Structure formats: structure tokens, C-alpha cells
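Q: I would like a close look at a single part of this model, followed outward to whatever it is joined to. Please keep to what the coordinates support.

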Amino acid sequence: MGRSLYVSAAVCLVLMCCSGLCRGGERLGARECEELGFTGLALCSDCNALSEFVKDQELVEDCHKCCTEDSDDSISKLTFSGAIIEVCMRKLVFYPEVVGFLEEDKDDFSYVEARYAYGSPPKLIMLDGKGEQKETIRIDNWKREHIRQFLKEKVKPLKSDS
């Protein structure tokens, strides 16, 4: 009788662990994704690319909870026409990599604008061809070179007619 109680307890424990793991793969709603810094139409391949730049497993898992599965016939490389780096001036001291990018690298990216908004964590606001916001990506833990590489790969500014 005692052994069956242990077996039952073990089975219950395994089931509870499995249900927790299954929940980890669930999709989040638009509002929850936006609160995490993921909005727009992120493709899951973009989350895989993000994992190469950011070694924060929890952030990558959150990205996968908010992404859209790539289809074989879709363009797996979603690009944007411009970007805004938004951050609170008072919080800049906590983000030396973002400061380094803004002070030394931003001029290399004519299509990137800096915007200072009170209380805003550092984030990239990705813009479409009309200058409208399409996606927001938090960059709290990004290295300066990751910001540069991400912008080079994901932003393709429209050619001007001048």
C-alpha cells in the first residue's frame, strides 16, 4: 500500500511538471506581448535571430510566445524603413551600451531617430514605409554592436527621389 502511494505521488508530480512545461509554449495575447515589448508582426525566425544577439533565455522564450510562425512561402526576413530609439534621459546612466550607440554610432544610421520619453525603458520602435510604428523591441540588455548589427539587417530605408 505504501509503495502505491509513492507511485501515485510521483505520477502527480510528473503531471504537474509537464503541465508547467506545456504552459511555457503557449501564445500570449497582444496586450501581454506589448507589455513585454513585442508588438507588430514578429516572425518566429526573428526570435531565433534575436537569440543570437541576446543570451537572455527568458526574453527569447517571451519572443516565441508572441511571434507568428513562418510559412515556407513567406519572406522570413521582415524589414523596416526606419527606427526610433526611445529611452528616458534619467535612465540612460543605467544603459552604457545604449549611450555608446547614441553618442558614437547613431550618426552612421541616418534612418534612426533618438527620442527621449520620461520613464521609457530603452527600446527600438520599428517603422514602416509610411513612418508608422510596426514593432517595438526592448533593448535593455543589448550590446552596442548588437544594436548596430540588428539595424543593418532589419532596416532598409526607402530610396528618396531627390
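Which residues of helix 4 are buried?

A: The model is a predicted one, and what follows should be read with that in mind. In helix 4, the buried residues are Leu59, Val60, Asp62, Cys63, Lys65 and Cys66, and the helix as a whole covers residues 57-66. That set includes two cysteines, Cys63 and Cys66, and both take part in disulfides, Cys63 with Cys47 and Cys66 with Cys33. A general point is useful for reading such a list: an α-helix has 3.6 residues a turn, so residues three or four places apart point the same way.

The start of the helix comes next. There, a side-chain oxygen of Asp56 reaches to within 3.1 Å of the backbone nitrogen of Glu58. Asp56 and Glu58 also appear together in the lining of the largest pocket.

The disulfides can be taken one at a time, and the count for the model comes to three. The link between Cys33 and Cys66 has an S to S distance of 2.0 Å and, with -100° about the S-S bond, is left-handed. This pair links distant parts of the chain, since Cys33 sits in helix 2 (residues 30-36) while Cys66 belongs to helix 4, 33 residues apart. Cys33 counts as buried because its relative accessibility is 4%, and Cys66, with a relative accessible area of 15%, is buried as well.

The second link that involves helix 4 joins Cys47 to Cys63, with an S to S distance of 1.9 Å; the torsion about its S-S bond is about -80°, so this disulfide is left-handed. Cys47 lies in helix 3 and Cys63 in helix 4, so the pair ties together parts that are 16 residues apart in sequence. Cys47 is buried, with a relative accessible area of 0%, and Cys63 is buried too, at 5%.

The remaining disulfide joins Cys44 to Cys67, again with its own S to S distance, 1.9 Å, but here the angle of 80° about the S-S bond makes the link right-handed. Cys44 is in helix 3 (residues 44-53), whereas Cys67 falls in the loop between helix 4 and strand 1 (82-87), and the two are 23 residues apart. Both Cys44 and Cys67 are buried. When the bonded cysteines of the chain are numbered in sequence order, the pairing reads 1-5, 2-6, 3-4.

Helix 4 also has a part in the largest pocket, whose volume is about 200 Å³. The largest share of the lining of this pocket, three residues, comes from helix 4. The residues that line the pocket include Glu58, Leu59 and Asp62, and also Leu36, Phe38, Val54 and Asp56, with Arg138, Ile139, Asp140, Asn141 and Trp142 from further along the sequence. By class, the lining has six nonpolar, one polar and five charged residues. Leu59 and Asp62 therefore belong both to the buried residues of helix 4 and to the pocket lining, given that buried means under 20% relative accessible area.

Two of the lining residues, Arg138 and Ile139, lead on to Lys123, which touches both of them as well as Ile84, Ile85, Glu86, Thr136 and Ile137, not counting residues up to four places away in sequence. Lys123 is found in strand 3 (residues 123-127) and, at 19% relative accessibility, counts as buried.

Definitions and conventions
Residues are numbered from 1 along each chain as its sequence is written. This is a predicted model: local features need pLDDT of at least 70, side-chain atom pairs count only at pLDDT 80 or more; totals for chains, interfaces and linings use all residues. Side-chain values use heavy atoms; hydrogens and water are left out. On a 1 Å grid over the protein atoms alone, a cavity is a set of points where a 1.4 Å probe fits but cannot get out, and a pocket is an open set with protein on both sides within 12 Å along at least five of seven lines; lining residues have an atom within 4 Å of a point. Grid points are joined across faces, edges and corners, and a volume is the space filled by probe spheres set on the points. Helices (H or I, at least four residues) and strands (E, at least two) are DSSP runs, numbered from the N terminus. Ala, Val, Leu, Ile, Met, Phe, Trp, Tyr, Cys and Pro count as nonpolar, Asp, Glu, Lys and Arg as charged, and the others, Gly among them, as polar. Buried means under 20% relative accessible area, exposed over 50%, partly exposed in between (1.4 Å probe, protein chains only). A polar contact is a pair of N or O atoms within 3.5 Å; within protein, one must be able to donate a hydrogen and the other to accept it, and residues adjacent in sequence count only if both atoms are side-chain atoms. Contact means heavy atoms within 4.5 Å. A disulfide is a pair of cysteine sulfur atoms within 2.5 Å.
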